[in-house]
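Q: Hi! I'm new to this one, could you walk me through it?

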Amino acid sequence: MVNVRWFNATAWYGLYLSRLLQEAGHRVIVLTLADTESHAKAIEWGLDARPADLNTANPLRFAVAAARIVRLLLRERPQIVNCHRGEGFFLWGLLKALGLGFHLVRTRGDQRPPRADILNRFLHARVADAVVVTNSRMARHFLSAMRTPEDRVWLIHGGVDKKRFAFDPEGRERVRAEFGYGPKEVVLALVGRFDKVKGQRETLEVISRLVHKQGLRRLRLMLLGFGSATGVDEVQGWIREFKLERQVRITGRRTDVAACLSACDIGIVASLWSETIARAALEIMAADRPLISSDVGVMPDLLPPSALFPAGDLDAMTRLLARAIDEPAFRQELLQAQDLTLSQLSGRDFLQRTLTLYEGFLD
């Protein structure tokens, strides 16, 4: 179940896992929302994607969707159902309790901790066979507030395709030439849709400090993203406000993401919250770019403390970024720590950890 409208990190986690399972020879059906980015991506990836209207608030439409799911379960007889969103999770719990013969997994890729009410605790601790979380903070919430048994909580970080996002030297030169980056300019990259949560404005303010107050005139910022909750015009207004027209480039949507990442010298995650899965961070790391980040979500699981700053703390972010720019040895330390993390976060590792969970149901 990947009933997510946008192709965000939650949708990516579910669809990427589905693709890995399918490529490994397993039969996979993905239930999505019709006419959405995530459904289109599932089709693009060659998945058996079928729309299911479980996000509707209309009781009649929900009943029709539930009836179709029951027919699907009776016809396909799946061994495992994995819900990557909470909408409809109660229905899946009910269908499991009615004896339709599947094991139920709830994957929690959302930043918001679930309410620890009686019903939610019962669903996660007694009805679900396992709860998959994508970061340590969420694991602690399920173990303490949700009172989920320890043997049912599985911490499985998202994987990354290290071949697809490997450093691309030719792509680096091409993209740097496209955006006019000279060989002596230090290029920073902030990846993500334009949204308050991603910290674009905060990053621009920090870049302004470094350029206009600390004299780092060779500094450049690539905003590898596009308008979303925050429009491109608003971001361009911030660029003018901070007098960074020369320093900042907006890429828009790109198909050559690995080349764009390779074009930068340092990656930034400036999110004010979220990053429960941190797909962009994993891709920056796979491209062998040193990364600094706010301390939100899964980031303390991925990076050493020396690479983190408190979310929204512009002074701390300025100091850390200045250090990363000025100290080649520090950047090398970051890369070495990232290599250790990535050694356990390939797509193969992601698949194998999930299969270990699934195979435990079938013993």
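A: Happy to! Let's begin with a term: a residue counts as buried under 20% relative accessible area, exposed over 50%, and partly exposed in between. Also keep in mind that this is a predicted model.

Q: Okay, so is Asp-53 buried, exposed or partly exposed?

A: Asp-53 is partly exposed, because its relative accessibility is 28%, and partly exposed is the class between 20% and 50%.

Q: Which side chain does Asp-53 meet in a salt bridge?

A: That would be Arg-61, with 2.8 Å from N to O. Arg-61 is partly exposed as well, at a relative accessible area of 46%.

Q: Why can side chains pair up like that?

A: Side chains of opposite charge can pair when their charged atoms come close.

Q: How many salt bridges are there?

A: The count comes to 26.

Q: Got one that links distant parts of the chain?

A: Sure. Arg-254 forms a salt bridge with Glu-178, and their closest N and O atoms are 2.8 Å apart. Arg-254 sits in the loop between β9 (248-250) and α10 (257-263), while Glu-178 belongs to helix α7 (residues 169-178), so the pair is 76 residues apart.

Q: And how accessible are Arg-254 and Glu-178?

A: Arg-254 has a relative accessible area of 21%, which makes it partly exposed. Glu-178 is partly exposed too, at 45%.

Q: What else does Arg-254 meet in a salt bridge?

A: The side chain of Asp-256, at 2.9 Å from N to O. Asp-256 counts as buried, because its relative accessibility is 16%, and the buried class is under 20%.

Q: Which residues do shared partners join into one network?

A: Arg-27, Asp-48, Arg-50, Arg-75 and Glu-76 are joined into one network by salt bridges that share partners.

Q: Switching topic: how many cavities of 30 Å³ or more does the structure hold?

A: It holds 1. The largest cavity has a volume of about 50 Å³.

Q: How do people find empty space like that, anyway?

A: Rolling a probe the size of a water molecule over the atoms shows where empty space is left.

Q: Neat. Which residues line the largest cavity?

A: The lining is made of Leu-190, Val-191, Lys-198, Ile-268, Val-269, Ala-270, Ser-271, Glu-275 and Ala-280. Of the lining residues, 6 are nonpolar, 1 is polar and 2 are charged.

Q: Which strands each supply at least two of them?

A: β7 (186-191) and β10 (266-269) each give at least two residues to the lining of the largest cavity.

Conventions
Residues numbered from 1 in each chain as written. Predicted model: local features only at pLDDT ≥ 70, side-chain atom pairs only at ≥ 80, totals over all residues. Heavy atoms only, no water. 1 Å grid on protein atoms, 1.4 Å probe; cavity = no way out; pocket = protein on both sides within 12 Å on 5 of 7 lines; lining within 4 Å. Points joined across faces, edges and corners; volume = space filled by probe spheres on them. Helix = DSSP H or I, 4+ residues; strand = E, 2+ residues; numbered from the N terminus. Nonpolar A, V, L, I, M, F, W, Y, C, P; charged D, E, K, R; others polar. Salt bridge = Lys/Arg side-chain N within 4 Å of Asp/Glu carboxyl O. Buried < 20%, exposed > 50% of the residue type's maximum accessible area, 1.4 Å probe, protein only.
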